[in-house]
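Biologist: Can you walk me through this model before I go back to the bench?

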Amino acid sequence: MGELIPLHGDAQESWQEQLKGAIRTPEALASALHLSPEDLPYSSAADREFPLLVPRAFAARITPGDPQDPLLHQVLATPAEDHVDPAFSKDPVGEVAQYAGAPGVLQKYRGRALLVVTGQCAVNCRYCFRRHYPYAENAVSSTQRLADIDALLADPKLGELILSGGDPLLLSDKQLRAISERIQHLRPDVTLRIHTRLPIVIPDRVTRGLEDALRVCAPQVVVVVHSNHPQEIDGATADAIGRMRDAGATVLNQSVLLTGVNDDPTTLALLSDRLFAAGALPYYLHQLDRVAGAAHFEVPVERSRRILGRLAAMRPGYLVPRLVREETGAASKLEIAPDYSVSPGS
Ligand code: SF4
């Protein structure tokens, strides 16, 4: 094994510098985790299509020396991704075939519009339902984006504008502030919702400038973070969530139910506890969208229902996320009823 690469960078590094210094090769990841490359089953074909990307702030929460770590599982391109399952597709929820409007604009549900503002993320999650999304075809300039926002805000039926991606918090504070000021100026009744994994992956992304951008639309601003495992929530992530709350945002969490990561009620209960202590409520637990390359992560739906039933018996209702799945053409996400027939101890 080569020289160990330190997990923590310079404490003074900006979030942009941390992203620039992210781990991008399996050898560097193995070295940082005190593993040998042979410990990490790896698919170079999957990596070519959807490259490994792990910032050190996230890698620091992976247990060194443990090739089965649940955070590692989420970021490592393994040979399982090469398995072709015809039930899994490149457009699993019909975003390309069914909902595409103007470039980068998706209108799935009434009263809501979603903007795909970037194709970049701070981490590449192997189960991502947009891992094959044609981002390049949907890229627009900042000027065009603001013009699109103006057009969407002109619709009196619009109640919520959603920023998604990729990760929308990869936009600069200035760009985000321009969007929130536009909403506040033209339609202060419209809620701004931001779906992001960045406060979990690089907590330093929650800068003063971002807090100011959120404050412009507060209290009608919702940040939906994305965390799947309690190990992802440490002091720095909790602090980042707290600062977004202090800026007036409601902070919710969504997770994806993933085999080998969080497919047991005890793990999910601990995740809810840590999120709540940080100031975020568990909102959705997604049944995996059937995206090509991610079949090995799927939890069979009957098992998902039992896991949720057991979680519901372990925690109060506000700490139990709704189990949902997305179906192309449906008027909303579809809720999957928990199976309460299994006792907590069984
Ligand atoms: S951060 Fe979100 S959009 Fe980006 S790869 Fe992960 S799940 Fe997909």
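Modeller: What follows covers the basis of the model, its domains, its core and its ligand. This is a predicted model, where local features need pLDDT of at least 70, side-chain atom pairs count only at pLDDT 80 or more, and totals for chains, interfaces and linings use all residues. Residues are numbered from 1 along each chain as its sequence is written, and side-chain values use heavy atoms, with hydrogens and water left out.

Biologist: Which domains does the protein chain have?

Modeller: Domain 1 (15-82) and domain 2 (95-335); the bounds come from an automatic or database domain assignment. Their centres, taken over C-alpha atoms, are 23 Å apart.

Biologist: How many residues of each are in contact?

Modeller: 27 from domain 1 and 34 from domain 2, contact being heavy atoms within 4.5 Å.

Biologist: What does leucine 214 contact, beyond its neighbours within four places in sequence?

Modeller: Ile194, Val221, Val223, Met244, Ala247 and Ala249.

Biologist: Now the ligand. Which residues surround it?

Modeller: Cys121, Val123, Cys125, Cys128, Gly166, Arg197 and His226, where near means a heavy atom within 4 Å.

Biologist: How does that shell divide by residue type?

Modeller: Four are nonpolar, two polar and one charged. Cys and Val count as nonpolar here, Arg as charged, and Gly as polar.
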